[in-house]
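Open the model in a viewer with the cartoon shown, and keep a selection box at hand. The stops below go from a sheet to a single side chain.

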Amino acid sequence: MKNIADIAKLAGVAKSTVSRYLNGGSVSEVTKRKIEDIIAETGYMPNAFAQSLKAKKTNIIGIIVPQLDSYETSQTLIGIDEQLRELNYLMLVSHTNRNLDREIENIYTLAKQKVAGIILLATQITDRHVQAISEIDIPVLLVGQHHDEIHSLIHHDEEAGYAMGKYIIEQGHRRLAFLGVSETDIAVGVKRKEGFKRATRDVNNCEVRYFETKANMREVAANALDIFNDFFPSALICATDEIAIGAVKAAYTKGMHVPANLSVTGFGGYEITSMMHPALTTVQFYFIEAGKKAADHIVQLVNGQDIPMLTYSNFEIIARESVDKRFAPS
């Protein structure tokens, strides 16, 4: 593997001359052809990442993610990476393991590394986030959470919650439980629940109770149905597919069958939900599409173009086997 020093030696020029050529600087035609011939002969490939860091304006977009072992995160990153490559930008991923202090630290660190912009896949936005973003003076795009002062791209969580509520009511279910997450996560913990409440609020003979768990399928599998000792629903609406998968596991552990004894739904549209038995009824979010849109938006911001402060990604209800029809009381 040749480096710049090797190319310079073979071409009989200074290393700085090769660097100037690679970065589009002024080089004589004779020297330019000589360097081009050596590069062609050796198959040398310049390090695009290193070149970008040396340039006055980089083509690196920093991506801050709360967790890597997430279907949503991985699919969103695929979309971001595919679109950034099309736009001749590079992706630098920083993982926080759901640690807010690390998340704030990474905002500053990426800015010091001269990234052109930052995409933050956030689980919550605090005053510290807002302060950090205002101080670094480079474009930032939130994905998954919304803040009035920061460009945001979100899933239409409230409308998705409303659509799922309407769907489950249309199937005749009137004894419902919503299993959500902490309200510190506005998108998942608040908006999906608010949409569901709106869909069920004025339905006759409908009883709904709300519960909270952690977004971890193993913990849900171990504890989900214990919270229904005094109230057992005909349908359990889970705020994420992970929670729904854990709930289905818990139901079978306790000798119940889905959907005969309990209908279950999720949000996300994870690929595995179509392979479960029974296959999970869920809200399909289009994570790769959202990632591509996020990449487009951050590049537009980097180049000084106007974009909407708030953009929604698409969703649809995927009706599968985990929900059955019930006789709806009048």
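In what order do the six strands of the open sheet run? In this predicted model, the order is β7-β6-β8-β9-β10-β12, and the pairing is mixed. Select residues 207-212 and then 315-318 to mark the edges: these are β7 and β12, and each pairs on one side only. Looking across the sheet, the twist from one strand to the next averages 15°.

Next, select residues 235-238 together with 263-268. These are β8 and β9, which pair in the parallel sense over three bridges. Within this pair, show I237 of β8 and look across to β9, where T265 stands opposite.

Now add residues 157-170, helix α8, which packs on the sheet. The strands touched by α8 are β6 (175-180), β8, β9, β10 (281-285) and β12. To check the orientation, compare α8 with β10: their directions make about 155°.

For the last stop, select residues 152-155, strand β5, and show the side chain of H155, which lies in this strand. Is H155 buried or exposed? H155 counts as buried because its relative accessibility is 5%, and the cut-off for buried is under 20%.

Which side chain makes a polar contact with the side chain of H155? Show S313: the two side chains make this contact at 2.8 Å. To display the rest of the surroundings, add E72, F285, F287, A290 and Y312, which H155 also touches along with S313, leaving aside residues up to four places away in sequence.

Methods:
Residues are numbered from 1 along each chain as its sequence is written. This is a predicted model: local features need pLDDT of at least 70, side-chain atom pairs count only at pLDDT 80 or more; totals for chains, interfaces and linings use all residues. Side-chain values use heavy atoms; hydrogens and water are left out. Two strands pair if DSSP finds at least two bridges between them. Helices (H or I, at least four residues) and strands (E, at least two) are DSSP runs, numbered from the N terminus. Axes are lines fitted to C-alpha atoms, for helices over the stretch in contact, and angles run from 0 to 180 degrees between N-to-C directions. Contact means heavy atoms within 4.5 Å. Buried means under 20% relative accessible area, exposed over 50%, partly exposed in between (1.4 Å probe, protein chains only). A polar contact is a pair of N or O atoms within 3.5 Å; within protein, one must be able to donate a hydrogen and the other to accept it, and residues adjacent in sequence count only if both atoms are side-chain atoms.
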